[in-house]
Amino acid sequence: MDKQGLKNYIIKNLPFPDQTLDHVVEYFEEITISKDDFFLKEGKINEHYFFLQSGFMRAFTYDTNGNEITTNFYQKDSVVFEVSSFYLKTKSTENIQAVTDCRGYAISYEQLNLLLHDIPEFRAYGVKMLAREYVLYKKRALELINLSGEARYENLITTNKEVFQFAQLKQIASYLNVTDTSLSRIRREFLKK
């Protein structure tokens with residue numbers, strides 16, 4: 001598999017010299033994850049940072065009643081990892097599972113740290129990506145507080161339309177923090193607009 005998609009993702013977020021970029025991507029190994037297989041299981045430590053070249057994944061956990069709650073969706077050309085487990089080496093409270101067959105590139109925590117310490121441009125990229133993950137997390141938390149279910153649905157359909165192609169409606173409903181019935185009503189009303 002050609003690593004051009006990985007290169008494009010990195011330089012889109014922070015450009016740096018081609019020779020340095022070639023050196024960085026050498027550390028990433030191609031991996032495939034079959035549909036329904038797990039990239040990360042609850043109780044395990046997230047050992048790899050994964051660039052999803054193709055496919056669709058989701059993260060989920062369980063509430064206190066044992067209900068599955070979707071916490072994130074990952075579409076092609078995105079980075080997949082559980083931030084606190086990866087950086088703090090703590091056991092994950094989330095699962096990350098392939099919804100479709102997935103292909104991409106992974107790098108271990110140790111190799112990523114080596115690159116972050118040795119290559120100033122890549123260190124700047126790492127800082128930017130960590131800040132990006134924090135911003136996305138904060139934005140999601142505030143949306144759950146400040147926006148109606150309808151507004152959250154509209155944001156999701158605007159920013160991640162693939163979700164509706166690959167995810168089950170109950171997974172989308174749990175992600176939006178609405179009931180299945182409410183999601184059906186919201187979808188009907190949205191189609192009337």
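1. Let's start with the lining of the largest cavity in this predicted model. The residues around that space are Tyr49, Phe81, Tyr87, Leu112, Leu116, Phe122, Tyr125, Gly126, Met129 and Leu130. Try finding them in the structure and colouring them. What kinds of residue are they: nonpolar, polar or charged? The lining divides into 9 nonpolar residues, 1 polar residue and no charged ones.

2. Now for the cavity itself. How many cavities of 30 Å³ or more does a search of the whole structure find? The search finds 1, and the largest cavity has a volume of about 60 Å³. If you wonder how empty space can be located at all, the idea is friendly enough: rolling a probe the size of a water molecule over the atoms shows where space is left empty.

3. Which helix gives the most to this lining? The answer is α5, with 5 residues. Helices α4 (109-118) and α5 (120-146) each supply at least two residues of the lining, so both are good places to look when you trace the walls of the cavity.

4. Next, please look at Arg58, which sits in strand β4 (residues 57-62). Is Arg58 buried or exposed? With a relative accessible area of 3%, Arg58 is buried, because anything under 20% counts as buried. Its side chain has two polar contacts to look up: one of 2.5 Å with the side chain of Glu68, and one of 3.0 Å with the side chain of Thr70.

5. The surroundings of Arg58 deserve a moment too. Leaving out residues up to four places away in sequence, Arg58 touches Glu68, Thr70, Asn72, Phe73, Tyr74, Asn95, Ile96, Gln97, Val99 and Gln171. Two names in that list, Glu68 and Thr70, are ones you have just met as the polar partners of Arg58.

6. On to salt bridges: how many does the structure hold? There are 8. One of them pairs Arg58 with Glu68, and the closest N and O atoms are 2.5 Å apart. This pair links distant parts of the chain, since Arg58 is in strand β4 and Glu68 is in strand β5 (residues 68-74), 10 residues apart. The two partners are placed in unlike surroundings: Arg58 is buried at 3% relative accessibility, whereas Glu68 is partly exposed at 34%.

7. Another salt bridge joins the side chains of Glu143 and Lys139, at 3.0 Å from N to O. Where do these two residues lie? Both are in helix α5, 4 residues apart, about one turn of the helix. Glu143 counts as buried, with 16% relative accessibility, while Lys139 is partly exposed, with a relative accessible area of 44%. You have seen helix α5 before, as the element that gives the most to the cavity lining.

8. A salt bridge also brings together the side chains of Glu189 and Arg185, with 3.4 Å from N to O. Glu189 and Arg185 are 4 residues apart in helix α9 (residues 180-192), so about one helical turn separates them. Glu189 counts as partly exposed at 36% relative accessibility, and Arg185 counts as partly exposed at 30%. Which residues do salt bridges with shared partners join into one network here? They are Glu150, Arg185 and Glu189.

9. Lys7 makes a nice exercise in reading accessibility. Lys7 is found in helix α1 (residues 4-13), and its relative accessible area is 19%. That value is under the 20% cut-off, so Lys7 counts as buried. The side chain of Lys7 makes a polar contact of 2.7 Å with the side chain of Asp22. Apart from neighbours within four places in sequence, Lys7 is in contact with Leu21, Asp22 and Val25.

10. Finally, have a look at Phe51 in strand β3 (residues 48-54). Phe51 is buried, with a relative accessible area of 1%. Which residues does Phe51 touch, not counting those up to four places away in sequence? They are Gly5, Leu6, Tyr9, Asp77, Ser78, Arg103, Gly104 and Tyr105. For a sense of distance, pick out Ala141 as well: Phe51 and Ala141 are 90 residues apart along the chain, and 24 Å separates their C-alpha atoms.

Definitions and conventions. Residues are numbered from 1 along each chain as its sequence is written. This is a predicted model: local features need pLDDT of at least 70, side-chain atom pairs count only at pLDDT 80 or more; totals for chains, interfaces and linings use all residues. Side-chain values use heavy atoms; hydrogens and water are left out. Buried means under 20% relative accessible area, exposed over 50%, partly exposed in between (1.4 Å probe, protein chains only). A polar contact is a pair of N or O atoms within 3.5 Å; within protein, one must be able to donate a hydrogen and the other to accept it, and residues adjacent in sequence count only if both atoms are side-chain atoms. Contact means heavy atoms within 4.5 Å. On a 1 Å grid over the protein atoms alone, a cavity is a set of points where a 1.4 Å probe fits but cannot get out, and a pocket is an open set with protein on both sides within 12 Å along at least five of seven lines; lining residues have an atom within 4 Å of a point. Grid points are joined across faces, edges and corners, and a volume is the space filled by probe spheres set on the points. Ala, Val, Leu, Ile, Met, Phe, Trp, Tyr, Cys and Pro count as nonpolar, Asp, Glu, Lys and Arg as charged, and the others, Gly among them, as polar. A salt bridge is a side-chain nitrogen of Lys or Arg within 4 Å of a carboxyl oxygen of Asp or Glu.
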